[in-house]
Amino acid sequence: PKWFQTKGFLLGIMLFAAISISFPYYSHIFYPNNEKEVVIVNQSNINTVNFDIKGMTCASCEEHVNHEVNKLDGIVTSKVSYENGNAIIEFDQTKTNETEIEKAINSTGYKVTDKKQTN
């Protein structure tokens, strides 16, 4: 029989499919932990904004957005949910602003459709 008709080929294809399907569960390995220590000088400078994001479909999408947002200075917390299609970002307005955060999110390939202050 040709190699494409052997059990070894079938086993290889099955393993590749299983690894590909389970990618959202291990995708965090490819995004290093970039959390940093944030020093808050004045609590009144902290804003919380809810960004509605279009296009996220899995946990890997969450990690991608989280990774890009956390590269910015002044990010206190970021909670991204593909299920809700949003990101709740808490940041120090003296170090960054909504526009910079929106640019970071849009740079991932997903699109911010709306933003609301949640303070």
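1. A residue is called buried when its relative accessible area is under 20%, and by that criterion buried residues make up 34% of the 119 residues in the chain of this predicted model. The accessible surface of the chain comes to about 7900 Å², and carbon and sulfur atoms account for 56% of that area.

2. As for the overall fold, the chain contains 4 helices and 4 strands, and, read from the N terminus, these elements follow one another in the order α-α-β-α-β-β-α-β. Of the contacts that link residues at least 6 apart in sequence, 69% are between residues at least 24 apart.

3. The unreviewed UniProt entry lists residues 9-26 under "transmembrane region", an annotation that may be inferred rather than shown by experiment. In the model, the stretch 9-26 is 94% helix and 0% strand, with 25 Å between the C-alpha atoms at its two ends.

4. A search of the whole structure for aromatic pairs finds 1, and that pair is formed by phenylalanine 4 and phenylalanine 9, whose rings meet edge-to-face with 5.2 Å from centre to centre and 90° between the planes. The partners can also be described by their accessibility: phenylalanine 4 counts as exposed because its relative accessibility is 60%, whereas phenylalanine 9, at 24%, counts as partly exposed. Phenylalanine 9 also lies within the span 9-26 that UniProt lists as "transmembrane region".

5. The cysteines deserve a careful look, since a disulfide is a covalent bond between the sulfur atoms of two cysteines. The search of the whole structure finds 0 disulfides, and cysteine 58 is in none, although the nearest cysteine sulfur, that of cysteine 61, is 3.5 Å away. Because a disulfide requires the two sulfur atoms to be within 2.5 Å, the 3.5 Å from the sulfur of cysteine 61 to that of cysteine 58 is too far for a bond. Both residues are nevertheless buried, cysteine 58 with a relative accessible area of 18% and cysteine 61 with one of 5%.

6. Which elements flank the loop that holds threonine 96? The loop runs between strand S3 (86-92) and helix H4 (98-106). Despite this loop position, threonine 96 counts as buried because its relative accessibility is 7%. Once its neighbours within four places in sequence are set aside, threonine 96 is in contact with Leu72, Asp73, Ile75, Phe91 and Ile101; of these residues, Phe91 falls within strand S3 (86-92) and Ile101 within helix H4 (98-106).

Methods. Residues numbered from 1 in each chain as written. Predicted model: local features only at pLDDT ≥ 70, side-chain atom pairs only at ≥ 80, totals over all residues. Heavy atoms only, no water. Buried < 20%, exposed > 50% of the residue type's maximum accessible area, 1.4 Å probe, protein only. Contact = heavy atoms within 4.5 Å. Areas by Shrake-Rupley, 256 points an atom, 1.4 Å probe, with all protein chains shown as cover. Phe/Tyr/Trp six-rings, centres within 6.5 Å; stacked < 30°, edge-to-face > 60°.
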